[in-house]
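Colleague: Got a minute? I'd like to go through the ligand site and the pockets with you.

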Amino acid sequence: MRSILLDVMRIPVDDPVAFTFFTGYMAMMAAAVFFLFERGTVADKWKTSLLISGLITGIASVHYYYMRDYYVSTHETPVALRYIDWTLTVPLMVIEFYLLVRAAGAKIALLWKLILAAVFMLVCGYIGEAFTDGSMSHSMIWGSLSTLGYLYILYTAWLGEVAQLAAKTDSVAVQKGVRALAWFILVGWAIYPIGYMAMPGGLLGSNGGLGILNAHSLDLIYNIGDAINKIGFGLVVYGIARSESAVKVAPSSAASVV
Ligand SMILES: *C/C=C(C)/C=C/C=C(C)/C=C/C1=C(C)CCCC1(C)C
């Protein structure tokens, strides 16, 4: 049996998939350390949001550690590890949304609807990828079902409950932040279906598809998507927390000067 360590050390420089597994792992870990340490610099009510950002990137980093080794030693897609990672981190991302609009009166039911939609999206995607028979019909059916969950979250963020609640807050930072996260859902999350369509039987892949992408592009696209979305989401939340904390601190420090 070949040792994983040797495989990892023999990583070819011209393999963008392996390269992004390595960079993703380090970037995600660095982001987790950053969010967790910066927690101490924001007002109390923002600490949970930063903790969640740290958990999202931390959990992803550990999964990247294993996915990297899996990929480098087998040259196969770590489907199960990928979906375990997403099943933990995507619900945490929708919790960030909920925490932002909670002050505007968000009910716990909103959180459950978002989590349910996320889990539905991921379970369908997992069935599409893990149980594929290589046919286009299998990939299309489960991909389309999965997209329904995605569209629900997209709708809620742009027009539905989350958007309506954000409009009610008097914090410009929260309004801008919710809008920024909604852009991540619209643009950043749209990266994933493209990766999905690269699998054999997928619309852009081999085996009946357009043949534009090969099976390895799936991991490359997912890795890029993860880095953008997980770190980006966290940075947006961090930005809101910092500016909101500054607002709260300013009056008292001004008072102490006088
Ligand atoms: C950190 C991980 C994130 C933000 C993962 C997001 C994943 C998606 C938005 C996946 C969406 C999919 C579809 C909309 C259809 C095809 C199957 C999926 C699961 C790739």
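Modeller: Here is a quick tour of the ligand, the pockets and one aromatic pair.

Colleague: Ground rules first?

Modeller: This is a predicted model, where local features need pLDDT of at least 70, side-chain atom pairs count only at pLDDT 80 or more, and totals for chains, interfaces and linings use all residues. Residues are numbered from 1 along each chain as its sequence is written, and side-chain values use heavy atoms, with hydrogens and water left out.

Colleague: How many residues surround the ligand, and which are the closest?

Modeller: There are 18 around the ligand, and the closest are Met121, Ser146, Tyr192, Asp226 and Lys230. A residue is near if one of its heavy atoms lies within 4 Å.

Colleague: How much of the ligand's accessible area does the protein cover?

Modeller: The protein covers 99% of the 530 Å² that the ligand has on its own. Areas come from the Shrake-Rupley method with a 1.4 Å probe.

Colleague: Which elements give two or more residues to that shell?

Modeller: They are α4 (79–102), α5 (108–130), α6 (136–158), α9 (191–196) and α10 (215–257). Helices are DSSP runs (H or I, at least four residues), numbered from the N terminus. α4 gives the most to the shell, with five residues.

Colleague: What about residue classes in the shell?

Modeller: The shell has 11 nonpolar, five polar and two charged residues. Nonpolar means Ala, Val, Leu, Ile, Met, Phe, Trp, Tyr, Cys and Pro; charged means Asp, Glu, Lys and Arg; the others, Gly among them, are polar.

Colleague: On to pockets. Which space does the ligand take?

Modeller: The ligand's space is the largest pocket. A pocket is an open set of points on a 1 Å grid over the protein atoms alone, where a 1.4 Å probe fits, with protein on both sides within 12 Å along at least five of seven lines; lining residues have an atom within 4 Å of a point.

Colleague: What is its volume, and what lines it?

Modeller: The largest pocket holds about 440 Å³ of space. Of its 26 lining residues, Ser146, Thr147, Tyr192, Pro193 and Tyr196 are the closest to the centre. α6 gives the most to this lining, with seven residues.

Colleague: And the second largest pocket?

Modeller: Its volume is about 250 Å³. It has 14 lining residues, and Lys45, Trp46, Leu99, Leu100 and Ala103 are the closest to its centre.

Colleague: Switching topic. How are the rings of Phe21 and Tyr64 placed?

Modeller: Their centres are 5.8 Å apart and their planes at 55°, so the pair is tilted. Rings of Phe, Tyr and Trp (its six-membered ring) pair if their centres lie within 6.5 Å; planes under 30 degrees apart are stacked, over 60 edge-to-face, the rest tilted.

Technical notes: Sits in = over half its atoms within 2 Å of the grid points. Points joined across faces, edges and corners; volume = space filled by probe spheres on them.
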